[in-house]
Amino acid sequence: MIAFAKRIERFQTRPEEVQAVRWDGSQEALLAIDKINEDPNLFIRVASDQTLLLDTIFIEHRVSVGSYVVRWVDKRLLVFSPDEFARHFELLCA
């Protein structure tokens with residue numbers, strides 16, 4: 001079962017280990033996502049409808065409440081819906 005905490009947690013997708021944060025619209029989740037971001041060219045902001053926007057010079061990712069932001073092994077941030085996330089990842093520790 002996936003934990004829905006507002007903190008950074010460690011998950012694995014076979015055989016890789018990643019960090020993930022579930023976006024819930026809170027300031028705590030925003031700070032956690034900012035903490036796992038290592039791309040100086042990625043700008044993180046929140047729209048008026050609580051959608052999280054991850055902007056680069058090439059693309060804008062829209063993150064709906066309930067979706068996961070995952071720091072992949074190559075340091076990129078990827079967005080997964082709750083269903084996709086549950087299919088691909090398992091919690092390493094609570």
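Mentor: Helices and strands here are DSSP runs numbered from the N terminus, a helix having at least four residues and a strand at least two. With that in hand we can place residues in this model, which is a predicted one; Lys75, for instance, lies in the loop between β6 and β7, the latter spanning 77-80.

Trainee: What is the phi of Lys75 near?

Mentor: The general idea is that most residues other than glycine have a negative phi. In Lys75 phi is near 80°, a positive value in a residue other than glycine, and this loop residue is partly exposed, with a relative accessible area of 38%. Gln50 is another such case, with a positive phi of about 70° although it is not a glycine; Gln50 is found in the loop between β3 and β4, and its relative accessible area of 33% makes it partly exposed.

Trainee: Which residues line the largest pocket?

Mentor: Lys75 is one of them, and the lining also includes Asn37, Asp39, Leu42, Leu54, Thr56, Ile59 and His61, together with Arg76, Leu77 and Leu78. The space in this pocket comes to about 170 Å³, and by character its lining residues divide into 5 nonpolar, 3 polar and 3 charged.

Trainee: Where does Leu54 lie, and is it buried or exposed?

Mentor: A residue counts as buried when its relative accessible area is under 20%. Leu54, which lies in strand β4, has a value of 1% and is therefore buried. If neighbours within four places in sequence are left aside, Leu54 is in contact with Leu42, Phe43, Ile44, Ile59, Glu60, His61, Val63, Val69 and Val79. Leu77, which also belongs to the pocket lining, is 23 residues from Leu54 in sequence, and the C-alpha atoms of the two are 8.8 Å apart in space.

Trainee: Where is the place of Asn37, and with which residues is it in contact beyond its neighbours within four places in sequence?

Mentor: Asn37 has its place in the loop between α1 and β3, the strand that covers 43-46. Its contacts, with neighbours within four places in sequence left aside, are Leu42, Ile44 and Leu77, and at a relative accessible area of 13% Asn37 is buried. Leu78, by contrast, is found in strand β7 and is partly exposed, with a relative accessible area of 22%. Leaving aside neighbours within four places in sequence, Leu78 is in contact with Tyr68, Val69, Val70 and Trp72.

Trainee: Which residues of the largest nonpolar core touch the most other members?

Mentor: A nonpolar core is a set of buried residues of the nonpolar kinds joined through side-chain atoms within 4.5 Å. The largest one here has 13 residues, of which Trp23, Ile33, Leu52 and Val69 touch the most other members. Two elements, α1 (27-36) and β4 (52-55), give two or more residues to this core, and α1 gives the most, with 5 residues. Trp23 itself, not counting residues up to four places away in sequence, touches a list of residues that includes Ala29, Leu30, Ile33, Val46, Leu52, Val63 and Val65, as well as Gln50. Apart from the largest core lies another core, of 8 residues, among them Ala20, Phe80, Phe85 and Phe89.

Trainee: How many aromatic pairs are there?

Mentor: In general, a pair of aromatic rings is described by the distance of the centres and the angle of the planes. The count in this model comes to 5 aromatic pairs. In one of them, the rings of Tyr68 and Phe85 have their centres 3.7 Å apart and their planes at 5°, so the pair is stacked. Tyr68 lies in strand β6 (residues 68-71) and Phe85 in helix α2 (residues 82-88), so the pair ties together parts that are 17 residues apart in sequence. Tyr68 is buried, with a relative accessible area of 2%, and Phe85 is buried as well, with a value of 0%.

Trainee: Why does the pair of Trp72 and Phe80 count as stacked?

Mentor: Planes under 30 degrees apart count as stacked. The planes of Trp72 and Phe80 are at 25°, with the ring centres 6.4 Å apart, so this pair is stacked. Trp72, at 23% relative accessibility, counts as partly exposed, whereas Phe80 is buried, with a relative accessible area of 13%. Taken together, ring pairs link Tyr68, Trp72, Phe80, Phe85 and Phe89 into a cluster.

Notes. Residues are numbered from 1 along each chain as its sequence is written. Side-chain values use heavy atoms; hydrogens and water are left out. On a 1 Å grid over the protein atoms alone, a cavity is a set of points where a 1.4 Å probe fits but cannot get out, and a pocket is an open set with protein on both sides within 12 Å along at least five of seven lines; lining residues have an atom within 4 Å of a point. Grid points are joined across faces, edges and corners, and a volume is the space filled by probe spheres set on the points. Ala, Val, Leu, Ile, Met, Phe, Trp, Tyr, Cys and Pro count as nonpolar, Asp, Glu, Lys and Arg as charged, and the others, Gly among them, as polar. Buried means under 20% relative accessible area, exposed over 50%, partly exposed in between (1.4 Å probe, protein chains only). Contact means heavy atoms within 4.5 Å. Rings of Phe, Tyr and Trp (its six-membered ring) pair if their centres lie within 6.5 Å; planes under 30 degrees apart count as stacked, over 60 as edge-to-face and the rest as tilted.
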